[in-house]
Amino acid sequence: MKGAVISMLVLVAIVQVIMVKPGEAVTCGQVDASLAPCIPYLTAGGTPAAACCDGVKNLKTITPTTADRRAACDCVKAAAARYPSIKEDAASSLPQKCGVQMDIPISKTTNCAK
């Protein structure tokens, strides 16, 4: 029972980190949490896991404005730089593989100002 309560508290904390309140800018922590389940796909290819696609959908949800998308783009670019084994083709095809139309390119080389 104690383990279940701790697990529930951890889940609530994660949901709070991922959610963005209206008028607040997206953070790199939220972007990283959304895309963390995608690391296996991004480094090995294949098919993205359901949790990865849920994260991609969440990323789209938490970036409704141009400013949010630019901030998220910078976060994605910084995160991609930390994983040199990320396959560029897997990264660029991730939104499409998850069935999400996104205006945030997932790439190490994206110019986020455009």
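## Exercises on a six-helix protein

Of the 114 residues of this protein, 34% count as buried. The model is predicted, so keep that in mind as you work.### Exercise 1: the overall plan

Work out which kinds of element build the protein, and how many there are of each.

**Solution.**
- Step 1: Count the elements, and you find 6 helices and 0 strands.
- Step 2: Follow the chain from the N terminus, where the elements run α-α-α-α-α-α.
- Step 3: Turn to contacts between residues at least 6 apart in sequence; 72% of these join residues at least 24 apart.

### Exercise 2: two helices that meet

Decide how helix H2 (residues 28–35) and helix H4 (residues 50–61) are oriented: roughly parallel or roughly antiparallel?

**Solution.**
- Step 1: Look at the axes of the two helices, which come within 7 Å and cross at roughly 150 degrees.
- Step 2: Angles over 145 degrees count as roughly antiparallel, and therefore H2 is roughly antiparallel to H4.
- Step 3: Find the residues that meet: Val31, Ser34 and Leu35 from H2, and Cys52, Gly55, Val56, Asn58 and Leu59 from H4.
- Step 4: Sort this contact by class, which gives 5 nonpolar, 3 polar and no charged residues.

### Exercise 3: the nonpolar core

Find which residues of the largest nonpolar core touch the most other members.

**Solution.**
- Step 1: Begin with the core itself, which has 26 residues.
- Step 2: Val31, Val56, Leu59 and Leu94 touch the most other members.
- Step 3: Ask where the core residues come from: H2, H3, H4, H5 and H6 each supply at least two.
- Step 4: The largest share, 5 residues, comes from H5.
- Step 5: Take a closer look at Val56. Leaving aside neighbours within four places in sequence, Val56 is in contact with residues including Leu35, Cys38, Leu94 and Met102.

As background, nonpolar side chains in soluble globular proteins tend to be buried together.

### Exercise 4: a residue in a loop

Determine whether Thr63 is buried or exposed.

**Solution.**
- Step 1: Locate Thr63 in the loop between H4 and H5.
- Step 2: The relative accessible area of Thr63 is 4%.
- Step 3: Buried means under 20%, and therefore Thr63 is buried.
- Step 4: Leaving aside neighbours within four places in sequence, Thr63 is in contact with Val26, Asp68, Arg69, Ala72 and Ile104.

### Exercise 5: helix H6

Name the buried residues of H6 and say what covers them.

**Solution.**
- Step 1: In H6, the buried residues are Ala90, Ala91, Ser93, Leu94 and Pro95.
- Step 2: Their cover includes H3 and H4.
- Step 3: Move past the end of H6 to Gly99, which has a positive phi, near 70 degrees.

Definitions and conventions. Residues numbered from 1 in each chain as written. Predicted model: local features only at pLDDT ≥ 70, side-chain atom pairs only at ≥ 80, totals over all residues. Heavy atoms only, no water. Axes fitted to C-alpha atoms, helices over the stretch in contact; angles between N-to-C directions. Helix = DSSP H or I, 4+ residues; strand = E, 2+ residues; numbered from the N terminus. Parallel < 35°, antiparallel > 145°, perpendicular 65-115°, else oblique. Contact = heavy atoms within 4.5 Å. Nonpolar A, V, L, I, M, F, W, Y, C, P; charged D, E, K, R; others polar. Core = buried A, V, L, I, M, F, W, Y, C linked by side-chain atoms within 4.5 Å. Buried < 20%, exposed > 50% of the residue type's maximum accessible area, 1.4 Å probe, protein only.
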